[in-house]
Amino acid sequence: MFTSIRGLVPSPGILSKGKTGNPFAILAMVLAMISFTLNDTLIKFIGESLPLGQIIFIRGVMAMTLLGAIIFATGAHHSYRAMAQRPNLFRGVFEAIATVTFLIALFQMQLGVATAILQAMPLVVTAGSALLFKEQVGWRRWSAILIGFAGVLLIIRPGFDGFTVFSLFVVGTVFAASARDLSTRLLTPDLPTLLISFTTLAFVTPTGLLLGLNEDWSIPELWQWGILLSAAVMLVAAQLLIVMATRFGDFSVVSPFRYTSVLAAIILGFLVWGDIPDLPMIIGVLIIVSTGLYSLHREQVRAREAKLNQSD
């Protein structure tokens with residue numbers, strides 16, 4: 001049933017792209033979002049006792065080791081020359097910026113709030129696609145984007161009690177991560193996803209050394225090593241699960257399940273730190289998720305209309 005370590009996913013003969021693979025793809029997407037959120041939770045927790053740069057560097061080395069072993073086991077390393085293409089390098093730079101800005105904010109904010117603001121990323125990607133790639137975005141989706149940004153402002157609440165400047169770092173993360181995703185669209189098919197992820201880690205990990213120039217590092221205790229290793233495992237697992245979700249599922253079916261990360265973040269934030277979301281945050285999250293889902297729906301409608309026009 002499984003192709004051993006070479007695929008780390010069910011054999012394409014068992015699941016195929018589309019309806020037959022959607023249940024598995026949905027499960028993979030949900031588990032990926034939970035894994036990402038667990039990684040953030042572990043990093044925020046360990047950030048109470050270790051400096052940011054040291055955390056980024058040690059987790060990055062661990063994750064690169066794990067991912068590197070998978071790359072060699074699957075034979076993806078034979079395509080290493082494709083890693084040098086410019087969009088892949090730009091992607092790594094944007095990911096490094098997104099990682100640093102998000103973790104700086106995460107150490108100062110509630111997990112649920114930071115994760116909620118991140119959900120505006122699909123809206124920014126849609127806007128970027130229209131502005132940079134001249135993709136057709138109608139007034140309905142532009143309206144959804146503007147309303148979604150209003151939801152972000154409701155969560156951030158600039159000028160009101162509860163506002164923190166660190167929320168602006170998360171907004172910066174949204175734009176950096178969106179630039180990363182837009183760069184991904186320029187990658188050629190000959191670059192395996194595993195190598196894309198490895199390139200990302202290769203850019204993110206050294207930023208820990210740069211941050212460490214102004215930090216006091218110490219040898220982690222055994223329990224701290226355990227948390228850092230767990231975070232690295234969650235990060236690599238999330239990357240692999242995302243690959244599975246996009247490989248076997250229909251985009252329109254799988255993508256809405258990205259928003260499960262908000263629920264996971266709220267639950268983990270409450271269990272670990274006792275964080276409870278207030279009403280403005282809940283309303284803001286609902287606005288962002290609703291506009292994101294509507295924008296995705298309109299994108300699928302436009303795609304179907306384009307296919308019909310081509311068949312006429």
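# Close-up views of a predicted all-helical chain

**Figure 1. Thr126 in helix H6 and its surroundings.** In this predicted model, Thr126 has a relative accessible area of 10% and is therefore buried. The residue belongs to helix H6, and, once its neighbours within four places in sequence are set aside, its contacts are with Val137, Arg141, Ile145 and Ser295. Arg141 and Ile145, two of these partners, fall within the range of helix H7, which runs over residues 139-156.

**Figure 2. The chain as a whole, as a setting for the close-up views.** The predicted chain contains 13 helices and 0 strands, so that its pattern, read along the sequence, is α-α-α-α-α-α-α-α-α-α-α-α-α. For 312 residues, a compact globule would be expected to have a radius of gyration near 20 Å, and the value for this chain, 20 Å, agrees with that expectation. The C-alpha trace spans about 65 × 55 × 35 Å along its principal axes, and 47% of the 312 residues count as buried. Among the contacts with a separation of 6 or more, 88% are between residues 24 or more positions apart. The accessible surface of the chain is about 15600 Å², and carbon and sulfur atoms contribute 69% of it. The chain carries 20 positive and 16 negative charges, and the mean positions of these two sets lie 12 Å apart.

**Figure 3. The salt bridge between Glu95 and Arg180.** Side chains of opposite charge can pair when their charged atoms come close. The whole structure holds 4 salt bridges, and one of them joins Glu95 to Arg180, with 2.6 Å between the closest N and O atoms. This pair links distant parts of the chain, since Glu95 sits in helix H4 (residues 86-106) and Arg180 in helix H8 (residues 166-184), 85 residues apart. Both Glu95 and Arg180 are buried.

**Figure 4. Arg180 and Asp181, and the network that they share with Glu95.** Arg180 also meets Asp181 in a salt bridge, with an N to O distance of 2.9 Å. The two residues differ in their exposure: Arg180, at 15% relative accessibility, falls under the 20% limit and so counts as buried, whereas Asp181, with a relative accessible area of 24%, is partly exposed. Through shared partners, the salt bridges join Glu95, Arg180 and Asp181 into one network.

**Figure 5. The salt bridge between Arg185 and Glu135, which connects two loops.** The side chains of Arg185 and Glu135 form a salt bridge with an N to O distance of 2.9 Å. The two partners come from distant parts of the chain, 50 residues apart: Arg185 is in the loop between H8 and helix H9 (193-212), and Glu135 is in the loop between helix H6 (121-133) and helix H7 (139-156). Arg185 counts as partly exposed because its relative accessibility is 42%, and Glu135, with a relative accessible area of 38%, is likewise partly exposed.

**Figure 6. Lys134 in the loop between H6 and H7.** Lys134 is located in the loop between H6 and H7, and Glu135 is found in this loop as well. The phi angle of Lys134 is near 60°, which is a positive value in a residue other than glycine. With 68% relative accessibility, Lys134 lies over the 50% limit and therefore counts as exposed.

**Figure 7. Helix H5, a mostly covered segment.** Helix H5 consists of residues 111-118, and 7 of its 8 residues are buried. The buried residues of H5 are Leu111, Gly112, Val113, Ala114, Thr115, Ala116 and Ile117.

**Figure 8. Thr184 and Pro256, two partly exposed positions.** Thr184 has its place in helix H8 and is partly exposed, its relative accessible area being 27%. Thr184 and Gly68 are separated by 116 residues in sequence and, from C-alpha to C-alpha, by 20 Å in space. Pro256 lies in the loop between helix H11 (251-254) and helix H12 (260-273), and with a relative accessible area of 27% this proline is partly exposed. The C-alpha atom of Pro256 is 20 Å from that of Arg180, a residue 76 positions away along the chain.

Definitions and conventions
Residues are numbered from 1 along each chain as its sequence is written. This is a predicted model: local features need pLDDT of at least 70, side-chain atom pairs count only at pLDDT 80 or more; totals for chains, interfaces and linings use all residues. Side-chain values use heavy atoms; hydrogens and water are left out. Helices (H or I, at least four residues) and strands (E, at least two) are DSSP runs, numbered from the N terminus. Buried means under 20% relative accessible area, exposed over 50%, partly exposed in between (1.4 Å probe, protein chains only). The radius of gyration is taken over C-alpha atoms; the globule rule is 2.2 Å times the number of residues to the power 0.38. Contact means heavy atoms within 4.5 Å. Accessible areas come from the Shrake-Rupley method with a 1.4 Å probe; for residues, only the protein chains shown count as cover. Lys and Arg count as positive and Asp and Glu as negative; His and the chain ends are not counted. The place of a charge is taken as NZ of Lys, CZ of Arg, CG of Asp or CD of Glu.
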